[in-house]
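Colleague: Hi! Could you walk me through this model when you have a minute?
Modeller: Happy to, here it is.

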Amino acid sequence: MKKKLLLLLTILLLLTGCKNTKYKGTVNVLNWTSYIPDSVIRGFEKEYNIKVNYGTYSSNEELLAKITSSKKGTYDLIFPSDYMVELMIKRNIIEKIDKEKLSNIKNINESFLKQPFDKNNDYSLPFLLATTTLVVNKDNIKEDITSYKQLLNPKYKNNIVLLEDQRIVIGAALQALGYSINDTDSNHLEEAYNFLIDLKKNVKAFDSDSPKTFLITKEVDLGLVWNAEAILAKSENKNIEIVYPKDGYALSMDNYTIVKGSKNKENAYLLIDYLLRDENCIKIISEYPYISTNKNVGNYSTEELERIIKNGSYIENVGDKIKEIDKLWARIK
Amino acid sequence: MKNNKLFKYLSTTPVIIYSISLILIPLLYILFLSFLTNDAYGGVEYKFTLSNYLTVFDYTYLKILFKSSLIALITTLICIIISYPFSIFLMDKSEKTRNFLIKMVMIPFLTNSLIRTYGWIVILRKNGVINTFLTSTNIIKNPLSLMYNSFGIIIGMVYTLLPFMILPIYSSVSKIDRSLIEAAKDLGASKWQVFKNIYLPLTISGLFNGSLMVFIPAIGYFFISDILGGGKIMIIGNLIKNQFLTARNWPLGSALSIFLIIITFILIRIYKKIGGNMDDLGGM
């Protein structure tokens, strides 16, 4: 019995050993959960014979914590959002991108380039655009929902799911009151606090990992979620309506960036170039329906895109004020 | 004799290295961090300050501490209420049955507690097992709110931490001389009197031991309040996690952790004063 076990272990060891030597290089990627389908990554490994070590995070802050607390050169390619790109440039975490090495850069829709957080795209290139939206299950909600204020209606007690994200939720409250999503005026924040205390009576849960589940299992009829989650919920239940609230909503652009001190820079460029290909962009958005930055893919019409971008706002760095916002969040909870 | 000593060193060195490198050094680092200043970009400036500790005593944070303690206290009480009858019930059973039932208490430990907590969602949610049963049999009309509130959190905490209460209470109940109970019953003591005058005083050490082991983790198990509380109720564990991940204020997070450690120390001191045995705490 023991001998057999030993033999089995040896075979297993040999097999795993074989697998490792097959690749001629590696690239270490850290990306958002549910963002790139596994098949796309496997396709890259097969084509270039490069092993992709793929890790995930669920917030920009978690990404920052992972990068700053790990040894230099641990990660090569990461996907921070707008305000985090700005912060990472300031903290010297990411390095300049050599655009010469990317032949598919021409596929990027130019309207996504030259954003305020990285004016010349020296450090980052746009990957996907996400927006927050309201979702309404028309099976049970007959009223037309167009504004955050309507969510305060006592009728919707325990019937709302919100993202577990302090900037997004407090930002939505600020927008409902007519202020900017990035407002840090203490009085305005206090008003937002009162708004959210009212709203909390109607909230069933705060969840960022999979808020769509709450809508699909009919746990709630209303939600403030990321657009891809909304589209996926709609694909399960046709009566779910997606609403861009008239008060405004958050935009979030995630970007390809290369970590300073990366040991597999060449492989990271190969992977970016591979992901920029049309067919891969299509694969990505058919599984995770965010807004692709590829101009040949176009899952949104130009006018639609213009309208969405015009009415949305990016979350910006608020510096030290984050402490006040965090405390507000603790008070709400 | 010499050989014996060598063996002693050889066998304890790995544990000592482990404790120093993975427990002592990180804790000292946290203590060090808690006196530093946090900069606007979430970094740490090497400037000494006590302000983090003053912030801990802010009304907002004290309220969260109070709320977590209340949840932990209720969890502990429920665990005690379940553990005593269970342990006393076990005493009358044959050794085989006893061992089997104690194993059943331990078996859930083989699975990751996060996965077990997710399992509760299927049972408790609006169209979950309990609500579907109750509504389809017309016992109730509208589904009950069993989770995404404090009730859900307490169920999750009790479920996860119950073994930590059962084992010490069971171990002290099983040490009681059976003849004492028989004598009490012969003299006409009611069940409550037997419990109050025999079981309780003789198992007080196990009771405190179990209470510590349940209460302390219950203050900090943020994943249970995230999953079963729907993120609506913040306990001290969530607050610390937020300081490290969302608010990027590591010094404040460290100060909160140190504060929690101090509370733990105080509770252990009380335990010792009451006459608890320190070996029981570590010897689980």
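Colleague: How many residues of chain A are in contact with chain B?
Modeller: 29 residues of chain A are in contact with 25 residues of chain B, where contact means that the C-beta atoms, placed from the backbone, lie within 7 Å. This is a predicted model, in which local features need pLDDT of at least 70, side-chain atom pairs count only at pLDDT 80 or more, and totals for chains, interfaces and linings use all residues. Residues are numbered from 1 along each chain as its sequence is written, while chains are lettered from A and ligands numbered from 1 in the order in which they are written.

Colleague: Which element gives the largest share of the side of chain A that touches chain B?
Modeller: That is H12(A), with six residues. Helix H3 (60–68), H4, strand S7 (203–206) and H12 of chain A each supply at least two residues there. Helices (H or I, at least four residues) and strands (E, at least two) are DSSP runs, numbered from the N terminus.

Colleague: And how do the residues on that side of chain A divide by class?
Modeller: Eight are nonpolar, five polar and 16 charged. Here Ala, Val, Leu, Ile, Met, Phe, Trp, Tyr, Cys and Pro count as nonpolar, Asp, Glu, Lys and Arg as charged, and the others, Gly among them, as polar.

Colleague: Back to H12(A): how does it cross H3(B)?
Modeller: The axes of H12(A) and helix H3 (residues 59–91) of chain B come within 9 Å and cross at roughly 35°. The axes are lines fitted to C-alpha atoms over the stretch in contact, with angles from 0 to 180 degrees between N-to-C directions. On the H12(A) side the contact is made by A:Lys327, A:Ala330 and A:Arg331, and on the H3(B) side by B:Thr60, B:Tyr61 and B:Ile64. That contact has three nonpolar, one polar and two charged residues.

Colleague: Switching to chain A on its own, what are its domains?
Modeller: Domain 1 is 25–129 + 253–299 and domain 2 is 130–250 + 312–332, with bounds from an automatic or database domain assignment. Their centres, taken over C-alpha atoms, are 27 Å apart. Ten residues of domain 1 of chain A are in contact with eleven residues of domain 2 of chain A. On the domain 1 side, H4(A) gives the most, with four residues. By class, that side has seven nonpolar, one polar and two charged residues.

Colleague: Is H5(A) mostly covered or open?
Modeller: Mostly covered: eleven of the eleven residues of helix H5 (residues 166–176) of chain A are buried. Buried means 20 or more other C-beta atoms within 10 Å of the residue's own, with C-beta atoms placed from the backbone. They pack against S5, strand S6 (160–162), helix H6 (186–200), strand S8 (222–226), strand S10 (249–259) and helix H12 (322–332) of chain A. Just after H5(A), A:Gly178 takes a positive phi of about 90°.

Colleague: What about chain B, how many helices and strands?
Modeller: Chain B comes to 14 helices and two strands. Of its 284 residues, 33% count as buried. The C-alpha trace of chain B spans about 75 × 70 × 35 Å along its principal axes.

Colleague: Last one: which element of chain A has the lowest mean pLDDT?
Modeller: Helix H1 (residues 2–22) of chain A, at 58, while strand S3 (residues 77–78) of chain A has the highest, 96. pLDDT is the predictor's confidence in each residue, from 0 to 100. Where pLDDT is low, the predicted coordinates should not be read in detail. Chain A has a mean pLDDT of 90, and 94% of its residues reach 70 or more.

Note on methods:
Two residues are in contact if their C-beta atoms, placed from the backbone, lie within 7 Å. A residue is buried if 20 or more other C-beta atoms lie within 10 Å of its own, exposed if 12 or fewer, and partly exposed in between; C-beta atoms are placed from the backbone.
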